[in-house]
Amino acid sequence: MASFVISIRPSGEYKYVFTSRRGKTIFTSKGYETFDSCNVAIEEMRTSVELLDFNKQKTTSGKFYFKVFLDEVLLASSRRYTTELRVAKGIDEVKRDMLKAEVLDFSTQTFVFPDIEF
């Protein structure tokens, strides 16, 4: 199942990453000051999935990616892809899986896998 994974950047800002059902990152959000504002952004993105604008772009090194906009406001940028077809598949996956994606909160945990005591 696809998921939104919330975490904290080294700068202290919250962010979310949308991952495929195989765990591959599709896009990463901009930074948010609070956990609540990050959560609200996820819900806003979900409820407006039909209104999202996916702007395809190309890096100077020849890689392809897309940016996600809502009402001309940048919400997220995708990972880099090797072909335009893979970009299209990434966008299709977002549109298909976003509504049923779960939200995982890793912002409060220092270690995802705690030390084992022997």
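The side chains of arginine 9 and glutamate 13 form a salt bridge at 4.0 Å from N to O, the term being used for a side-chain nitrogen of Lys or Arg within 4 Å of a carboxyl oxygen of Asp or Glu. The model is predicted, so that local features need pLDDT of at least 70 and side-chain atom pairs count only at pLDDT 80 or more, whereas totals for chains, interfaces and linings use all residues. Residues are numbered from 1 along each chain as its sequence is written, and side-chain values use heavy atoms, with hydrogens and water left out.

By this rule there are four salt bridges, including those in the table.

| Salt bridge | N to O distance |
|---|---|
| Arginine 9 and glutamate 13 | 4.0 Å |
| Arginine 46 and glutamate 43 | 3.3 Å |
| Aspartate 97 and lysine 100 | 3.9 Å |

Exposure is classed by relative accessible area, with buried meaning under 20%, exposed over 50% and partly exposed in between (1.4 Å probe, protein chains only). Arginine 9 is partly exposed at 24%, and glutamate 13 is likewise partly exposed, at 32%. Arginine 46 is buried at 13%, while its partner glutamate 43 is partly exposed at 38%; these two residues lie three apart in helix 1, and are therefore separated by about one helical turn. Aspartate 97 is buried at 5%, whereas lysine 100 is exposed at 54%, and both belong to a network of salt bridges that also takes in Arg96.

Helix 1 spans residues 35-47 and also holds glutamate 44, where helices (H or I, at least four residues) and strands (E, at least two) are DSSP runs numbered from the N terminus. Glutamate 44 is partly exposed at 42%, and gathers with Asp53, Asp71 and Glu72 in a surface patch of negative charge. Such a patch is made of residues with over 30% relative accessible area and no salt bridge, like charges being joined within 9 Å and nonpolar side chains (Val, Leu, Ile, Met, Phe, Trp, Tyr) within 5 Å.

Strand 1, residues 3-8, is mostly covered, with five of its six residues buried. Strand 1 pairs with strand 2 (residues 14-19) in the antiparallel sense over six bridges, two strands being paired if DSSP finds at least two bridges between them. Isoleucine 8 stands opposite tyrosine 14 of strand 2. The two strands form a hairpin with five residues between them, and glycine 12 in the turn has a positive phi of about 95 degrees. Strand 1 also pairs with strand 7 (residues 102-105), here in the parallel sense over four bridges, and in that strand valine 103 is the bridge partner of phenylalanine 4.

Note on methods: Areas by Shrake-Rupley, 256 points an atom, 1.4 Å probe, with all protein chains shown as cover. Lys, Arg positive; Asp, Glu negative; His and termini not counted. Charge placed at Lys NZ, Arg CZ, Asp CG, Glu CD.
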